[in-house]
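Me: Please take one helix of this model and look at it closely. I would like to know what its buried side faces and what happens at its ends.

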Amino acid sequence: MTMERDLDLRLVRSFLAVASELSFTRAARRLGLSQSTISARVRQLEEHFSQPLLDRDTHSVRLTPAGERFLTYGHRIIALADEALDESGFRHRRHTVRFGVSEDFAFTHLPAFLERLRIDQPLLDVELSIHLSAELHRRLRSAESDIILAMRPGPSRGVDALEVEPLFSDRLVWAARTGYQRPRGEPLPLVLYPRPSVTRDAAIGALESHGVAYRTAATSTSLAGLRAAALSGIGVMPFAESLIPGGLSIVDDPDLPPMPGVVFALATRRTPTRATRNLAQALRDHRADFTTDLGDRSTR
């Protein structure tokens, strides 16, 4: 039996929606189609390849090994098809880009950036995902995101199938609620993201290299949780200076060791879509806005 060589783009789009949402119901809602239509299209695509692309039961949907392999190709196929239509002048269409950012950036600079993006790129729609840096890189590698802005320790370069470009640098500082008094004669209480975490590793590395005793007073995967803990006076947290959450200040304590600088880098796959390129350029155009308030941060 000879496999049909032509791919129906409608089938590919439906598969990508299910792979992104890991739900036929949400994929149908996203594409404005019925769940039965999405299911039928995925079955057609699986028949085309003569193997299952998704494992599904009543509770979950997962990619099979064949589905994982096709996922990247599917995104490239749709991106090239859309770009061909756009560049040929056949239509003016909206573009969607899946943008992953760290929560600390989302709480500070992201609203203003998205407002400028709406004005500069009115046909660009953004699907946001907020995660820790390690999860952002995982999602980019698995083609769940198109572009990410994530913190990295020191200089950045492309790895694997990714293009990595430094966007702006920052320094890590110790932050706590205004008026915080470090307990003397006790281990330094820390408020930290769980592992893996760039700021956690930098803080613990600096303390251990300077012989400063410490203990973990609170951890949270959520910036809201970390901020609440720090505002309660539980302890100090390592943070990028330009992204310190509201209500917290830099702790000016000569006994606390300095921490290394960090780089916020934008990363894409090596075959970016037009929408991805547009968002990357917007980030470059506005990079100066992300560090303009460094001199305004208060210290105690």
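**A close look at helix α9**

Reply: Among the elements that cover the buried residues of α9 are α5 (103-108), β6, β7 (188-192), β8 (214-219), β9 (237-240) and β10 (248-250). The model is a predicted one. Helix α9 itself runs over residues 223-231, and its buried residues are Leu 223, Leu 226, Ala 229 and Ala 230. Viewed down the axis of α9, these buried residues lie within an arc of 125°, so they line one face of the helix. The background is simple: an α-helix has 3.6 residues a turn, so residues three or four places apart point the same way.

Next, the two ends. At the start of α9, the backbone nitrogen of Ala 224 has a side-chain oxygen of Ser 222 within 3.1 Å. Just after α9 comes Gly 233, with a positive phi of about 90°.

One of the elements covering α9 is β6, and this strand, residues 162-177, also has a part in the largest nonpolar core. That core has 57 residues, and those with the most contacts inside it are Phe 99, Phe 113, Leu 149, Trp 174 and Leu 283. Strand β6 gives the most to this core, with seven residues. Apart from it lies another core of 22 residues, including Val 12, Ala 19, Ala 27 and Ala 66.

Strand β6 is also one of the elements against which the buried residues of helix α10 pack. In α10, the buried residues are Ala 275, Thr 276, Leu 279, Ala 280, Ala 282 and Leu 283. They cover an arc of only 160° around the axis, which puts them on the same side of α10.

Note on methods
Residues numbered from 1 in each chain as written. Predicted model: local features only at pLDDT ≥ 70, side-chain atom pairs only at ≥ 80, totals over all residues. Heavy atoms only, no water. Core = buried A, V, L, I, M, F, W, Y, C linked by side-chain atoms within 4.5 Å. Buried < 20%, exposed > 50% of the residue type's maximum accessible area, 1.4 Å probe, protein only. Helix = DSSP H or I, 4+ residues; strand = E, 2+ residues; numbered from the N terminus. Arc of directions from axis to C-beta. Contact = heavy atoms within 4.5 Å. Polar contact = N/O pair within 3.5 Å; in protein donor to acceptor, adjacent residues only side chain to side chain.
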